[in-house]
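Colleague: Before I plan anything around this protein, could you take me through its model, one question at a time?

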Amino acid sequence: MTHAAKNPVGRPREFDEDKVLAAAMEVFWLQGYDSTSMTDLLAATGLHKGSLYQAFGDKHNLFIQALERYVDEFRREMSVAVDQAESGLAGVRALMHKGIEKGCHGSDCNAGCLALNTLVDKGTADAEVVAVLTQAFVKRMALFAQAVARAQQEGSLRSDIAPEQMALMINVMSMGIVAILRGPMDEQQATVLVEDYLSTLKAT
């Protein structure tokens, strides 16, 4: 991926790059790529235009780095959720609820998931976006498959479906729930739907 050039030797950076990326990520998340202007980004990050361009390149390059930050942060949160779960089923449930929590972005469920929003908005037209989202999906699938396999071994989820296939089913359902949260469904309804869906996959 194309990233901005490093800061010239001998000139210490006068700002926290991660904080700037976090601020830019928030703007892209709430407004979307196309509706975000450089003026918006400068206001959110507190940087002058020259500093922003020197550190991150253009708007597109800043967006790619902000998106990478988002998916990396999300993956770490999901990984912790799986590791701390008391059972495989609890891990699956935690992953689905983590998606709802992330999609609601605090109390604003209309924010949605930045990765999912970007997929819908950009589709396959942007190769760099596709690369970031594809890698994120592979890692997300691995976490779901890990939790599903554990649940099947423990006897809480049905074993007649391969772990990878069940993980895909649950993952797609989870993303669908998060997408609908931006519209007619509220967080409470989404939480109930998670339990209803998982009940159809439980071992009998």
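Colleague: How many helices and how many strands are there in the protein?

Modeller: This is a predicted model, and what follows should be read with that in mind. From the N terminus on, the elements run α-α-α-α-α-α-α-α-α, and along its principal axes the C-alpha trace spans about 65 × 35 × 30 Å. The count for the protein is 9 helices and 0 strands.

Colleague: What percentage of the residues in the protein is buried?

Modeller: A residue counts as buried when its relative accessible area is under 20%. Of the 204 residues in the protein, the share that is buried comes to 44%.

Colleague: Is H5 roughly parallel or roughly antiparallel to H7?

Modeller: The axes of H5 and of helix H7, which covers residues 127–154, come within 7 Å and cross at roughly 150°. Angles over 145 degrees count as roughly antiparallel, and H5 is therefore, with respect to H7, roughly antiparallel.

Colleague: And is H5 roughly parallel or roughly antiparallel to H8?

Modeller: Helix H5 (residues 88–104) and H8 have axes that come within 9 Å of each other and cross at roughly 25°. Since angles under 35 degrees count as roughly parallel, the relation of H5 to H8 is roughly parallel.

Colleague: Which of the two crossings, left-handed or right-handed, does H5 make with H8?

Modeller: The two partners of H5 can be taken in turn. Where H5 passes H7, the crossing is left-handed. With H8, on the other hand, the crossing of H5 is right-handed.

Colleague: Lysine 102 lies in H5; which helix holds glutamate 77?

Modeller: The side chains of lysine 102 and glutamate 77 meet in a salt bridge, with 3.3 Å from N to O. Because lysine 102 belongs to helix H5, the pair ties together parts that are 25 residues apart in sequence, and the helix that holds glutamate 77 is H4.

Colleague: Are these two side chains buried or exposed, or does either fall in between?

Modeller: Lysine 102 has a relative accessible area of 7%, so this residue is buried. Glutamate 77 has a relative accessible area of 25%, which makes glutamate 77 partly exposed.

Colleague: What separates arginine 69 and glutamate 73 along H4?

Modeller: These two residues form a salt bridge, and their closest N and O atoms are 3.3 Å apart. Arginine 69 is buried, with a relative accessible area of 17%. Because arginine 69 and glutamate 73 are 4 residues apart in helix H4 (residues 59–84), what separates them is about one helical turn.

Colleague: Which residues are joined into one network by salt bridges that share partners?

Modeller: By the rule used here, the count comes to 8 salt bridges. One of them lies between aspartate 160 and arginine 158, whose closest N and O atoms are 2.7 Å apart; aspartate 160 is exposed at 57% relative accessible area, whereas arginine 158 is partly exposed at 29%. The network made through shared partners consists of Asp18, Arg69, Glu73, Glu77 and Lys102.

Colleague: Which residues make the nonpolar surface patch of about 220 Å²?

Modeller: One member, leucine 168, lies in helix H8, which covers residues 163–180. Its relative accessibility is 32%, so leucine 168 counts as partly exposed, and patches are made of residues with over 30% relative accessible area. The patch of about 220 Å² is made by Phe137, Leu168 and Val172.

Terms used: Residues numbered from 1 in each chain as written. Predicted model: local features only at pLDDT ≥ 70, side-chain atom pairs only at ≥ 80, totals over all residues. Heavy atoms only, no water. Patch = residues over 30% accessible without salt bridge, like charges linked within 9 Å, V, L, I, M, F, W, Y side chains within 5 Å. Areas by Shrake-Rupley, 256 points an atom, 1.4 Å probe, with all protein chains shown as cover. Salt bridge = Lys/Arg side-chain N within 4 Å of Asp/Glu carboxyl O. Buried < 20%, exposed > 50% of the residue type's maximum accessible area, 1.4 Å probe, protein only. Axes fitted to C-alpha atoms, helices over the stretch in contact; angles between N-to-C directions. Parallel < 35°, antiparallel > 145°, perpendicular 65-115°, else oblique. Left-handed = near helix turned anticlockwise from the far one by under 90°.
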